[in-house]
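Q: I'm new to this structure, and I'd like a close look at its aromatic rings. Please start with one ring, take it slowly, and then show me what else is worth a look.

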Amino acid sequence: MNVAIVCAQGLGDALLMMIVAHQFKLSGHKPTVFHNYVKELTPLFQGVCMLPYPSLDRLEETLVPFERVIIENDHSKRAYHLFGLREAKKLNNLLFFFPTASPKFQEGDFLFDPRLPIVSNLCRACQTTLQIQNINKENGIHIPKGTHRRFPKRIVIHPTSNDPKRNWFSSQFLSLACRLQNEGYSVSFSVSPSERTHWLHVEKQGFQFPSFSDLSELSAYLYESGFFIGNDSGIGHLASNLGIPTLTISGNPKRVRLWRPDWHIGHVVTLPFPLPNFKGLYLPIRENFWQYFISVSRTLNAFYKLRESVCKPQ
């Protein structure tokens, strides 16, 4: 069976939906994955056909030949165009995965359980909705050469994400890095090439600041590191995917419960109490001020708990 998988646009979305592609592949089917990070992702997922998103006016002709098309709803123009094609009965092979409830849901679609992380939800979807047997969390990622967690005291900090409002303050990351370094850890900061000029100061303050030419190089570096600390971002999912313990910092407890990394041991540090978000009154307190309520000490204690979890016999 030829299957198309249309991911949402983030790196983490692609890594997560590759679970579906890999499970189809293991069952003898031929998956084709649509995402715009084809160049970056292809070396990590050898043997899987990956193509960029077709333009809206070519969606129908591109997806007609597939027997099944699985779409991760991301509320994009592409998703709504596909909803329209389904409602007009121009494409009858579409099946949507909904991270949150939607009026577009139809019988045969899959709605994620907000109490479970996305990885677990995708496994359930594969088993119940797609009827794939012997499901596991694997997505077929290419494991880099090298020794796993060769440098157990190296901590990679990824202080950015694709949404600035999800980011802990840079001063907080630096303070955390100083405290970890004082405890004997080797701290390395990692950002995208376009963000490097804004973070050159971390190197001047004595922290490692490696540059990576592509996602494969970053993966190899993560694979040999001991821990990963960062915001709610795709790189956190990549680290978890490679078996690296992760600590995710988030000001949105509900969102991070669903979107936290879940391939390997991972902890979350979030708000100690609920913060209101009065968007209707233009007072998004949680959205704009959550960083003030997650202290460096609170985050450091969360790291200690993560470290203890890693040291416990499995």
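## Starting from one ring

A: Let's start with F207, which is buried, with a relative accessible area of 3%. Keep in mind that you're looking at a predicted model. The ring we'll match with F207 belongs to F189, and F189 is buried too, at a relative accessible area of 0%. Both get that label because buried means under 20%.

How many aromatic pairs are there? The count comes to 19. One of them joins F189 and F207, with 5.6 Å from centre to centre and 55° between the planes. What kind of pair is that? It's tilted, because 55° falls between the 30 degrees that limits stacked pairs and the 60 degrees above which a pair is edge-to-face.

Now find the two partners along the chain. F189 sits in strand β8, residues 186–189, while F207 is in the loop between α7 (201–204) and α8 (215–223), so this pair ties together parts that are 18 residues apart in sequence.

Next, try F289 and Y292: their ring centres are 6.4 Å apart and their planes meet at 35°, so this pair is tilted as well. The 6.4 Å makes the cut because rings pair if their centres lie within 6.5 Å. The surroundings are another matter: F289 is partly exposed at 41% relative accessible area, and Y292 is exposed at 58%. Y292 earns its label because exposed means over 50%.

Rings can also link up in groups. Y80, F83, F96, F98 and F105 are joined into a cluster by ring pairs.

Some rings have a charge for company, too. R196 has its charged end over the ring of F209, 3.9 Å from the ring's centre. Look as well at F227, where the charged end of R149 sits over the ring, 5.0 Å from its centre.

While you're here, let's look at two helices. The axes of α1 (residues 11–26) and α9 (residues 234–241) come within 7 Å of each other and cross at roughly 35°, and the crossing is left-handed. Which residues meet there? From α1 they are L11, G12, L15 and L16, and from α9 they are G234, I235, H237, L238 and N241. Sorted by type, the residues of this contact come out as five nonpolar, four polar and no charged.

Follow the chain past α1 and you'll come to G28, in the loop between α1 and β2 (30–34). Is G28 buried or exposed? It's exposed, at 56% relative accessible area. Measure with your cursor from C-alpha to C-alpha and you'll find S76 31 Å away from G28 in space, with their positions 48 residues apart in sequence.

Last stop: two residues with a backbone quirk. H75 has a positive phi of about 60° although it isn't a glycine. You'll find H75 in the loop between β4 (68–72) and α4 (77–87), partly exposed at 46% relative accessibility. N134 isn't a glycine either, and its phi is positive, near 55°. Look for N134 in the loop between α5 (118–129) and β7 (151–158), where N134 is exposed with a relative accessible area of 72%.

Definitions and conventions
Residues numbered from 1 in each chain as written. Predicted model: local features only at pLDDT ≥ 70, side-chain atom pairs only at ≥ 80, totals over all residues. Heavy atoms only, no water. Axes fitted to C-alpha atoms, helices over the stretch in contact; angles between N-to-C directions. Helix = DSSP H or I, 4+ residues; strand = E, 2+ residues; numbered from the N terminus. Left-handed = near helix turned anticlockwise from the far one by under 90°. Contact = heavy atoms within 4.5 Å. Nonpolar A, V, L, I, M, F, W, Y, C, P; charged D, E, K, R; others polar. Phe/Tyr/Trp six-rings, centres within 6.5 Å; stacked < 30°, edge-to-face > 60°. Buried < 20%, exposed > 50% of the residue type's maximum accessible area, 1.4 Å probe, protein only. Lys NZ or Arg CZ within 6 Å of the ring centre and 35° of its normal.
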